[in-house]
Amino acid sequence: MKIIADDKIPFLKGVMEPYADIVYLPGAAITASDVKDADAVFTRTRTLCNEALLKGSRVRLIATATIGYDHIDTDYCDAAGIRWINAPGCNASSVQQYIAAACVMLAHERALRLADTTIGVIGVGNVGRRVAAAAEALGMRVLLNDPPRAEREGDAAFVPLEHLLNESDIVTCHTPLTREGAYPTYHLASDDFFGRMKDGAVFINSSRGAVADSGALKRASRGKLSAFILDTWENEPAIDLDLLRDAFIGTPHIAGYSSDGKANGTAACVHEFCRFFGFDALRNWYPADIPPPPMSATLAIDGAGKTAEAIFYEAVTHTYPIAQDSERLKQSPAMFEKLRGDYWIRRECKHFSLHLTRVAEETRNGLAGLGFTLR
């Protein structure tokens, strides 16, 4: 058996070698000649898995260590008899942490009261559900929009897009990138979309770059919006430098890049390879060597005289100082791929313990809802 693997998939080296010949290559540089005699491809988002890459190869399985799969030509793979899988939900908790950090930073910088803030979540799959739960834990009012789910489940839990845009102080996108079907998301965030948002609202995109029309976002940022936050960009890694300059937070497509999320994605690839090709040894494999976070895993917070927003900010930004990710990209935008490929060891809130004194019960419950262990 032979596997071609993106060399930035973490925790993978040494795992498959007893069972397969595995070759590690930069994702964007993988070619048809590389995969010609391969049985499987382990990828991330930078390898275009289409006819040009796969035709004439013996590839039978493509496993992407990501929730997104718009880099895979699924129609071609289905027609060619190539099994493909993604890793839905693998980074949901990581994106939850990212959005929570963005929200508490907004509240900190702008003296917002989270309980008076409405957030609209567009796309309520694995990730959107976790983001909504985090917003509720922070005390925010949450509106949900997901037309496919509303069709299947009824409208009770969801609101129309226009209602969400009119009501929300923060709008955050968590949809896949689709160009066809009943609800295409390509350039969903258009001039009309931004025109329907509240004056002074904040826009966040951590789904796929082309969900937002960069030109429309630029126009909206000149007066309609008070701020925008981008983790995903059109034309990555050749991102729009004007948008980066003006972003409240701009990061290199790493919202889902906690070490926990990446480990989940790698495990999904290994598990599917074993299932598909009939190997038993690694069916339950999970990385055992995820490093600890670089900061202390315990934090003491005395809530005396502090608002809930201040306590949330102290706790969440301890686990994830999101401003540092933004500053690194703004200082070195040409390093987009390196910053992404060599991302630091970010661990999720569940790996941190809080020692709380004089913190109100509602705030304590919110911290527990974000995943912290309370001591």
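**Close-up views of a predicted model**

**View 1. Strand β12 and its parallel partner β13.** Thr 298 has Ser 353, a residue of β13, as its bridge partner. In this predicted model, the contact belongs to a parallel pairing in which 5 bridges connect β12 with strand β13, the latter spanning residues 353-357. The two faces of β12, which covers residues 298-302, are unlike in their surroundings: Leu 299 and Ile 301 make up a covered face, whereas Thr 298, Ala 300 and Asp 302 make up an uncovered one. In a regular strand, side chains alternate between the two faces of the sheet.

**View 2. Strand β4 between β3 and β5.** Strand β4, formed by residues 61-64, directs Leu 61 and Ala 63 one way and Ile 62 and Thr 64 the other way, and all of these residues are buried. Strand β3, residues 40-43, runs parallel to β4 and is joined to it by 4 bridges; within this pairing, Thr 43 is found opposite Thr 64 of β4. Strand β5, residues 83-85, also pairs with β4 in the parallel sense, here over 3 bridges, and Trp 84 of β5 stands opposite Ile 62. Strands of a sheet pair through backbone hydrogen bonds, whether parallel or antiparallel.

**View 3. The open sheet of 6 strands.** The order of the strands in this open sheet is β7-β6-β8-β9-β10-β11, and their pairing is parallel. At its edges are β7 (141-145) and β11 (249-250), each of which pairs on one side only. Within the sheet, strand β9, made up of residues 201-205, runs parallel to strand β10, made up of residues 225-230, and 5 bridges join the two. One detail of this pairing is that Phe 203 has Phe 228 of β10 as its bridge partner.

**View 4. A patch of negative charge that includes Asp 75.** Four acidic residues, Asp 73, Asp 75, Asp 78 and Glu 180, gather on the surface in a patch of negative charge. Asp 75 is placed in helix α3, which comprises residues 74-80. Because its relative accessibility is 61%, and exposed means over 50%, Asp 75 counts as exposed. Although Asp 75 and Glu 51 are 24 residues apart along the chain, their C-alpha atoms are separated by 9.9 Å.

**View 5. Backbone geometry in the loop between β10 and α10.** The peptide bond that leads from Glu 236 to Pro 237 is cis, with omega near 0°, and Pro 237 belongs to the loop between β10 and α10, the helix of residues 241-246. Asn 235 lies in the loop between β10 and α10 as well, and its phi is near 65°, a positive value in a residue other than glycine. With a relative accessibility of 60%, Asn 235 counts as exposed. Most residues other than glycine have a negative phi, and most peptide bonds are trans.

**View 6. A positive phi at a buried histidine.** His 253 has a phi near 55°, which is a positive value in a residue other than glycine. The residue is located in the loop between β11 and α11, where α11 covers 259-277. Since buried means under 20% relative accessible area, His 253, at 11% relative accessibility, counts as buried.

How values were computed:
Residues numbered from 1 in each chain as written. Predicted model: local features only at pLDDT ≥ 70, side-chain atom pairs only at ≥ 80, totals over all residues. Heavy atoms only, no water. Patch = residues over 30% accessible without salt bridge, like charges linked within 9 Å, V, L, I, M, F, W, Y side chains within 5 Å. Areas by Shrake-Rupley, 256 points an atom, 1.4 Å probe, with all protein chains shown as cover. Salt bridge = Lys/Arg side-chain N within 4 Å of Asp/Glu carboxyl O. Lys, Arg positive; Asp, Glu negative; His and termini not counted. Charge placed at Lys NZ, Arg CZ, Asp CG, Glu CD. Buried < 20%, exposed > 50% of the residue type's maximum accessible area, 1.4 Å probe, protein only. Pairing = 2+ DSSP bridges.
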